[in-house]
Amino acid sequence: MDFKERIYLWEIVKGLWITLRHLVYNLFHQRSMPTLHYPEEQRPMPARYRGRHRLTQRDDGSLKCTACMLCATACPAKCIYIEAQEGLPEGTEKRPQVYNIDMLKCVYCSLCVEACPCDAIRMDTGLMPPPADSREKFIYRIEELTKYPAIKHPNPPFLHRCGKL
Amino acid sequence: MTIEIPYIAAVLKAIAFPVMALNMIPVLVWIERRGSAFIQNRIGPNRANIGSFTFLGLLHPFADAMKFMFKEPFRPENAHPVFYFLAPALVVIPSLMALAVIPIADHVWVQGHEISMSVTELEYGIAYVFAVASIGVLGIAIAGWASNNKYSLLGGIRSTAQMISYELSLGLSVLGVLLIFGTLDLNELARGQGALLWGVLPKWGVFLQPVGFLLFVVACFAEANRLPFDLPEGDSELVAGYHTEYGGFKFSMFFMGEYVSMVTLASLIATLFFGGWQVPWMTTTALDAHLGELGRTLSQIAAFAVKIGFFLWLFIWVRWTLPRFRYDQLMRLGWKVVLPLALVNILVTALVLLLANGF
Ligand code: SF4
Ligand code: SF4
């Protein structure tokens, strides 16, 4: 450090000038600041973003899930709870009666998606789970898991799995 | 029974001045938050609203104040039952008291009574400010000790050491100005700065005592516990220092104390070094002749407001520009740089005055 730097003052004035420049520039260019006004403005989700889960449905609206428990077994957080019931005569042998995911435990690893042999669960809604004021509200039942559609992507990412959609 | 005008004025002033100072806090907090945000390329808080009006984020300080008031008054286990609650008051009351002698305009005449535009006028005003302001450090030290928390204790100890080192320089750095104007009365000081220097410059303390001014500003930052001297708080190493264990309204009292002492110190800088309420190049008599007494008083208040406004902004501006000192650097700066410079400054000023006025 030379003398000019050692007495601080000139350097402080330089620093103050820099911050003042930022302040004045940002005052007049508020729109060009990188901050997103979050709930109103959102960045587009990347195609493979692992969001809130979705139980996929057949064309007639029934769940594709066969209650095989593979996802519950694969889940590292043990947050999937399934109760099976007798399948419909024209459908699969079993179907879920209860399908709960505890979103407070879920680590969004998507191992459940990979484990499913029937493409019955996906994480392609592009949504983050909203805040809630009780723990019960974070346990998503079949209704919540079928509520939101998948986001539309030009190339749907998981198409190759399970042969057909 | 008639009540004398000076008494009415005294009561009015005693109410109006603290209210003015306290009302500056939300505005300062707002400027600090939004200003720091813009300095750092952020937007800053802008969500609190009434209906759909956010007033540019101006409502956030009020929302904060509400939150502080409705929080639970909590006392950590083993904290001292009396001193823990006393400490915030010991911080906020002295900082409000110190404001009492700051004049915001020259004397006004109401029905033949001369009324000063400060809560009270003391012959030894500046000594009073320093005396009262140094009580504030007691509050901080007690807060650190009474919380029964290591971080708080460290913050309290740091603040005592820092205050002792810098209060010395604070007092010594103004001596030059006091020597030149030959008074301790803040109103007299401001009046003395109305003259012109060589017919062009206003005879402000900053032009007569540039070194004293710099040292005083540095000491003021240390005195107000503001960055770069906020070691008692030191969030990165001490969590929040002396107020780690404080929440709710007690925390907001520390907060208020900090901002009120900022106001006090900014007005001190303005009064000592920038002519106080003096409108540059216009003396009270000249203004009286042109604008009448009311116009004169208002324009002097406006001049004072501009001056302290700038220094309040400087406090905020510096906070968001400079990083915190390391503790040994703080001590070195205080004892090895600021203090000797202040002493030399006094010596030189005294010698020059002695030579100029003859023996
Ligand atoms: S994403 Fe991972 S943690 Fe969450 S339910 Fe699926 S397997 Fe379990
Ligand atoms: S979601 Fe897939 S893996 Fe899980 S139970 Fe249903 S069919 Fe089996």
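# Exercises on a predicted two-chain model

Helix α13 of chain B covers residues 327-357, which is 31 residues, and its first and last C-alpha atoms lie 43 Å apart, close to the 45 Å expected at 1.5 Å a residue. The model is predicted. The exercises below begin with this helix.

## Exercise 1: helix α13 of chain B

Find where α13(B) is kinked, and state which of its residues are buried and what they pack against.

Solution.
1. The kink in α13(B) is about 30° and is centred on B:L333.
2. B:L333 is also one of the buried residues of the helix.
3. The others on that list are B:L330, B:G334, B:V338, B:L339, B:A342, B:N345, B:I346 and B:T349.
4. An α-helix has 3.6 residues a turn, so residues three or four places apart point the same way.
5. The buried residues of α13(B) pack against two helices of chain B, α6 (150-181) and α9 (210-223).

## Exercise 2: an arginine in α6

Is B:R158 buried or exposed? List the residues in contact with B:R158, leaving aside its neighbours within four places in sequence.

Solution.
1. B:R158 lies in helix α6 of chain B.
2. Buried means under 20% relative accessible area.
3. The relative accessible area of B:R158 is 17%, so B:R158 is buried.
4. Its contacts beyond those neighbours are B:L231, B:P232, B:E237, B:L238 and B:Y327.

## Exercise 3: salt bridges in chain A

Trace the network of salt bridges that contains A:D124.

Solution.
1. Side chains of opposite charge can pair when their charged atoms come close.
2. A:D124 pairs with A:R54, with 2.9 Å between the closest N and O atoms.
3. This pair links distant parts of the chain: A:R54 is in strand β1, A:D124 is in the loop between β4 (121-122) and β5 (139-140), and the two are 70 residues apart.
4. A:D124 also meets A:R122 in a salt bridge, at 3.1 Å from N to O.
5. With A:D119 added, the network consists of A:R54, A:D119, A:R122 and A:D124.
6. A:R54 and A:D124 are both buried, and A:R122 counts as buried because its relative accessibility is 10%.
7. A further salt bridge joins A:D133 and A:K137 at 2.7 Å, N to O; here A:D133 counts as exposed, at 67% relative accessibility.
8. Over all chains the count comes to 11 salt bridges.

## Exercise 4: the interface

Describe the contact between chain A and chain B: its residues, its buried area and its polar pairs.

Solution.
1. Chain A contributes 19 residues and chain B contributes 18 residues.
2. The two chains bury about 1,600 Å² between them, with 71% of it on carbon and sulfur atoms.
3. Of the area that chain A buries against chain B, 30% comes from A:Y8, A:L16 and A:L23, more than from any other three residues.
4. Zero salt bridges are counted between chain A and chain B.
5. Six residue pairs are in polar contact across the interface, both residues at pLDDT 80 or more.

## Exercise 5: two positive phi angles

Where do A:A67 and B:N78 lie, and is each of them buried or exposed?

Solution.
1. Most residues other than glycine have a negative phi.
2. A:A67, not a glycine, has a positive phi of about 55°, and B:N78, also not a glycine, has one of about 70°.
3. A:A67 lies in the loop between β1 (54-55) and α3 (70-74) of chain A.
4. B:N78 lies in the loop between α2 (60-70) and α3 (83-98) of chain B.
5. A:A67 is buried, with a relative accessible area of 0%, whereas B:N78 is exposed, with 60%.

How values were computed: Residues numbered from 1 in each chain as written. Chains lettered and ligands numbered in written order. Heavy atoms only, no water. Helix = DSSP H or I, 4+ residues; strand = E, 2+ residues; numbered from the N terminus. Buried < 20%, exposed > 50% of the residue type's maximum accessible area, 1.4 Å probe, protein only. Expected span 1.5 Å × (residues − 1). Bend = angle between axes of the 7 residues up to and from the residue. Contact = heavy atoms within 4.5 Å. Buried area = accessible area lost by both parts, 1.4 Å probe. Salt bridge = Lys/Arg side-chain N within 4 Å of Asp/Glu carboxyl O. Polar contact = N/O pair within 3.5 Å; in protein donor to acceptor, adjacent residues only side chain to side chain.
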